[in-house]
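Biologist: Please take a close look at the nonpolar part of the surface in this model. Then work from there into the interior and through the charged pairs, in words a first-year student can follow.

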Amino acid sequence: MCFYKNLEKFSENIAIIQEDYSETTYKELLNEVNKIEAELETRSLAFCVCDNLIESIIFYIACLRKKVVPVLINKEISKDLLKRLLELYRPKYIWAERNEYVVEGLIETISYKNYGMYLTNYSID
């Protein structure tokens, strides 16, 4: 059984302790995961331009639960390399900080804290 499918049974346990020592329970985590999961289309590709933050964890778990392939990309990636990866792999979704250059011109569909999910214009040929 996959760990991400059974998280409900740990609802009151601490799932994440952040750098500022704030704690998030599995129930709180899943509340946000479920919101994002509802916006995802199964069997698609998503780029997660991420850092070591709860926002990235939530999106990653939502992708796994919805059977979306998440590609984790360091937010320090060069613009040229990221552009090339976008053209090559054509993800349906991008999860990134709102102020990142990668999401310029795209419409945000859902957000959590300072991160948003953006639907790209790519289609499968």
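Modeller: In this predicted model, I14, I17 and Y21 together make a nonpolar surface patch of about 360 Å². Y21 is located in the loop that joins β1 (14-17) to β2 (23-25). How exposed is Y21? Its relative accessibility is 69%, and exposed requires a value over 50%, so Y21 counts as exposed.

Next comes the interior. The largest nonpolar core contains 25 residues. Within this core, the residues with the most contacts are V33, I36, L40, I58, F59, W95 and M117. Several elements each supply at least two residues of this core: the helices α1 (26-37) and α2 (54-66), along with the strands β3 (45-50), β5 (93-97), β6 (107-112) and β7 (115-119). Which element gives the largest share of this core? That element is α2, which provides seven residues. V33 serves as an example of the contacts made here. Leaving out residues up to four places away in sequence, V33 touches I58, I61, A62 and R65. There is also a second, separate core, made of twelve residues, among them V49, I77, V103 and Y118.

The cysteines are worth a check. A disulfide is a covalent bond between the sulfur atoms of two cysteines. How many disulfides are counted here? The count is zero, with 2.5 Å as the limit between two cysteine sulfur atoms. For C50, the closest cysteine sulfur belongs to C48 and is 4.0 Å away, which is too far for a bond. For C63, the closest cysteine sulfur is again in C48, but here the distance is 7.1 Å, so this pair is too far apart for a bond as well. C50 has a relative accessible area of 14%, and therefore counts as buried. C63 has a relative accessible area of 0%, so C63 is buried too. The cut-off behind both statements is that buried means under 20%.

Now the charged pairs. In total, seven salt bridges are counted. One of them joins E8 to R65, where the closest N and O atoms are 2.7 Å apart. E8 belongs to the segment before β1, whereas R65 belongs to helix α2, so this pair ties together parts that are 57 residues apart in sequence. The two partners are covered to unlike extents: E8 has a relative accessibility of 41% and therefore counts as partly exposed, while R65 has a relative accessible area of 19% and is buried.

R65 also forms a salt bridge with E37, and for this pair the closest N and O atoms are 3.4 Å apart. Because R65 is in helix α2 and E37 is in helix α1, the pair ties together parts that are 28 residues apart in sequence. R65 and E37 are both buried. Taken together, E8, E37 and R65 are linked in a network of salt bridges. R65 thus returns to the earlier account of the core, as R65 is also one of the residues that V33 touches.

Another salt bridge is found between E108 and R98, with 2.9 Å between the closest N and O atoms. E108 is in strand β6 and R98 is in the loop between β5 and β6, so ten residues separate them, and the pair links distant parts of the chain. How covered are these two? E108 has a relative accessibility of 32% and so counts as partly exposed. R98 has a relative accessibility of 34% and is likewise counted as partly exposed.

Finally, the backbone. Most residues other than glycine have a negative phi. Which residues have a positive phi although they are not glycines? One is K67, with a phi of about 65 degrees. K67 is placed in the loop between α2 and β4 (69-74), and its relative accessibility of 56% means that K67 counts as exposed. Another is K113, with a phi of about 50 degrees. K113 sits in the loop between β6 and β7. At 47% relative accessibility, K113 counts as partly exposed, because exposed would require over 50%.

How values were computed:
Residues are numbered from 1 along each chain as its sequence is written. This is a predicted model: local features need pLDDT of at least 70, side-chain atom pairs count only at pLDDT 80 or more; totals for chains, interfaces and linings use all residues. Side-chain values use heavy atoms; hydrogens and water are left out. Patches are made of residues with over 30% relative accessible area and no salt bridge: like charges are joined within 9 Å, nonpolar side chains (Val, Leu, Ile, Met, Phe, Trp, Tyr) within 5 Å. Accessible areas come from the Shrake-Rupley method with a 1.4 Å probe; for residues, only the protein chains shown count as cover. A salt bridge is a side-chain nitrogen of Lys or Arg within 4 Å of a carboxyl oxygen of Asp or Glu. Helices (H or I, at least four residues) and strands (E, at least two) are DSSP runs, numbered from the N terminus. Buried means under 20% relative accessible area, exposed over 50%, partly exposed in between (1.4 Å probe, protein chains only). A nonpolar core is a set of buried Ala, Val, Leu, Ile, Met, Phe, Trp, Tyr and Cys residues joined through side-chain atoms within 4.5 Å. Contact means heavy atoms within 4.5 Å.
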